[in-house]
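Here are my notes from going through this one, as numbered points. Have the structure open while you read.

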Amino acid sequence: MKTDHAPAPRAHTVLADVFGDLEPTALMQLTPMARAVGIGAVFAKVETTRPLGSFKSLGGTFAAISAVARAIGRPREWIGDAGAMPDPPPHLICVSDGNHGLAVAAGARHAGVPCTVVLHGGVPEVRVKRIQDAGASVKIAGGTYDDAVDMARMLAAASGYLLIPDTSLDPEDPVVADVMAGYAVITDELKQQFTQAQHELPTHVFVQAGVGGLAAAIIGGLQGWLAAPARVVIVEPDQAPCVALAMAAGRPVRAAGDLETSADMLSCGEASAPALKTLREYGALCMTVSEAELSHSVTILETRQGIITTSSGAAGLAALSVAAADPVRRKELALTEDSRVLVLITEARPTP
C-alpha cells in the first residue's frame, strides 16, 4: 500500500485555521558541514519554528480535528467554528513522549472537546507541563512508551474515548493515515523550496524515526522527486531500534529493554504498521547512532549553525556524520563528493 499524501493541501488549510498563518519552515544549506563530511551539499529542513516547536504539530493536530469531524459527521473545516458540539462531546485520548500529545491537545482545544494524554514516567516535567497548559489532562503510565500505548488503548476501549494514535498495529488505521497526511505538509514545502531556490535535488535523505510515521510520510511524499537512484536512511538511537527490528522481521516487533536514550522523542519499542508498509515498499535503509554521536551533533548544530535542538532533532545529522566517516558505510550508501543530503531538524529544545 502506497501512502496517499493527497490530503496535504487540505491539511494545510485546516492547520492554518488552528495556528494562523502556517509559514513554511526554513530550508538551510549547511555548507561547512558538507565540507566537513566530504559531500557536495547538506540541506536541513528546520522544524524548530513550527507551531508548538516540532513537526508533530502537523500530524497530531490534523488527526485530532479529523477524528472529531468523523465522530460528529461534520466537515473538518466546520470544527472550531461557531457550531456547537454534541453533548457530551467526543473525548480524545492519545499516548505521547511529549510532542504528539501537545499537538493532539492543541487540536482538541481548537475543537472545544476534552483530551487526555497518557505519558510514561520518563517524560520530562517541562513536556508534561506544556501539555497541561494546552488544556489536556495527563495520566502517567509506568514503564516505557509502549506501556503507555497499551494503557491508552485500554482506557479508550473502557471509556469510549476517541484514540488519536501516531502508531497502530493496523496497516489501514485511518487516524494514523491522517497523522501522516499532516506530515506531508513538509514534503509539499520542500518541493516548493527546492524549486524556488533552484537547488539540485537531494540524492540522499537521512530521517529519524520513533515509530516511523515521519519517515514514511517523507519517503511517500518525495518518492519520484528525489534524484535517482535516491537512498533514504532511517535513523534510530542504538537503545531503541524498533523500525530496524520491524524491517528485518517484516512486521512490528516490540524491542526489549528500557529504551533509555537522550533522544527521548525516539524512545519507542514498536514500529507503526502503516509506516512499516511504506518503508518496506520503498526499500528504506536503517541505521542506528550512539548517545555520544547524538550529543555531538546537537553541539555542532548549536555552535556552528545557531540551531537549538535536541538529540531527537539532530539524529539525522548524527547518522550522516557517522556514515560519511566510515569508508565501508560510505561506499554502501554511495556517499560521494557530489552527494546532496537532506536532513530534518525535527524539534526545538522545549522550554516552559
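1. Start with Val253. Setting aside neighbours within four places in sequence, Val253 is in contact with Leu245, Ala246, Gly269 and Glu270. Val253 sits in the loop between helix 9 (242-249) and helix 10 (273-281). Keep in mind throughout that this is a predicted model.

2. Is Val253 buried or exposed? Neither, quite: its relative accessible area is 23%, so it counts as partly exposed, given that buried means under 20% and exposed over 50%. If you want a distance for orientation, Val253 and Glu189 are 64 residues apart in sequence, and their C-alpha atoms are 33 Å apart in space.

3. The loop that holds Val253 is also where you'll find Leu259, between helix 9 and helix 10. Leu259 has a positive phi, near 60°, and is a residue other than glycine. With a relative accessibility of 5%, Leu259 counts as buried.

4. Leu52 is another one to look at: phi is about 70°, again positive, and Leu52 is not a glycine. You'll find Leu52 in the loop between strand 2 (41-46) and helix 3. Its relative accessibility is 28%, so Leu52 counts as partly exposed.

5. Now helix 6. What span should its 15 residues (145-159) have at 1.5 Å a residue? The expected figure is 21 Å, and the end C-alpha atoms are 21 Å apart, so the two agree. Tyr145, Asp146, Ala148, Val149, Ala152 and Ala156 are the buried residues to look at in helix 6. Looking down the axis, the buried residues fall within an arc of 150°, so they line one face of the helix. Met154, Ala157 and Ala158, on the other side of helix 6, are exposed.

6. What lies over that buried face? The cover for the buried residues of helix 6 includes strand 3 (92-96), strand 4 (115-120), strand 5 (137-141) and strand 6 (162-163). Right after helix 6 comes Gly160, with a positive phi near 75°.

7. On to the holes. How many cavities of 30 Å³ or more does a search of the whole structure find? The search finds three, and the largest has a volume of about 280 Å³. Its lining is made up of 24 residues, with Phe55, Lys56, Asp166, Gly210 and Met265 lying nearest the centre. Helix 4 (99-111), helix 7 (174-197) and helix 8 (213-222) are the elements that give two or more residues to this lining. By class, the lining has ten nonpolar, ten polar and four charged residues.

8. The second largest cavity holds about 50 Å³ of space. Its lining residues are Tyr145, Asp146, Val149, Arg153, Thr167, Leu169, Arg254, Glu270 and Ala271. Four of these are nonpolar, one is polar and four are charged. Glu270 should ring a bell, as one of the contacts of Val253.

9. Have a look at Gln193 in helix 7 as well. At 15% relative accessibility, Gln193 counts as buried. Not counting residues up to four places away in sequence, Gln193 touches Pro24, Thr25, Ala26, Leu27 and Lys45.

10. Last, the cis peptide bonds. One joins Asp87 and Pro88, with omega about 5°, and Pro88 is in the loop between helix 3 (56-72) and strand 3. Another runs from Ala228 to Pro229, where omega is near -10°. Pro229 is in the loop between helix 8 and strand 8 (231-237).

Technical notes
Residues numbered from 1 in each chain as written. Predicted model: local features only at pLDDT ≥ 70, side-chain atom pairs only at ≥ 80, totals over all residues. Heavy atoms only, no water. Helix = DSSP H or I, 4+ residues; strand = E, 2+ residues; numbered from the N terminus. Expected span 1.5 Å × (residues − 1). Buried < 20%, exposed > 50% of the residue type's maximum accessible area, 1.4 Å probe, protein only. Arc of directions from axis to C-beta. Contact = heavy atoms within 4.5 Å. 1 Å grid on protein atoms, 1.4 Å probe; cavity = no way out; pocket = protein on both sides within 12 Å on 5 of 7 lines; lining within 4 Å. Points joined across faces, edges and corners; volume = space filled by probe spheres on them. Nonpolar A, V, L, I, M, F, W, Y, C, P; charged D, E, K, R; others polar.
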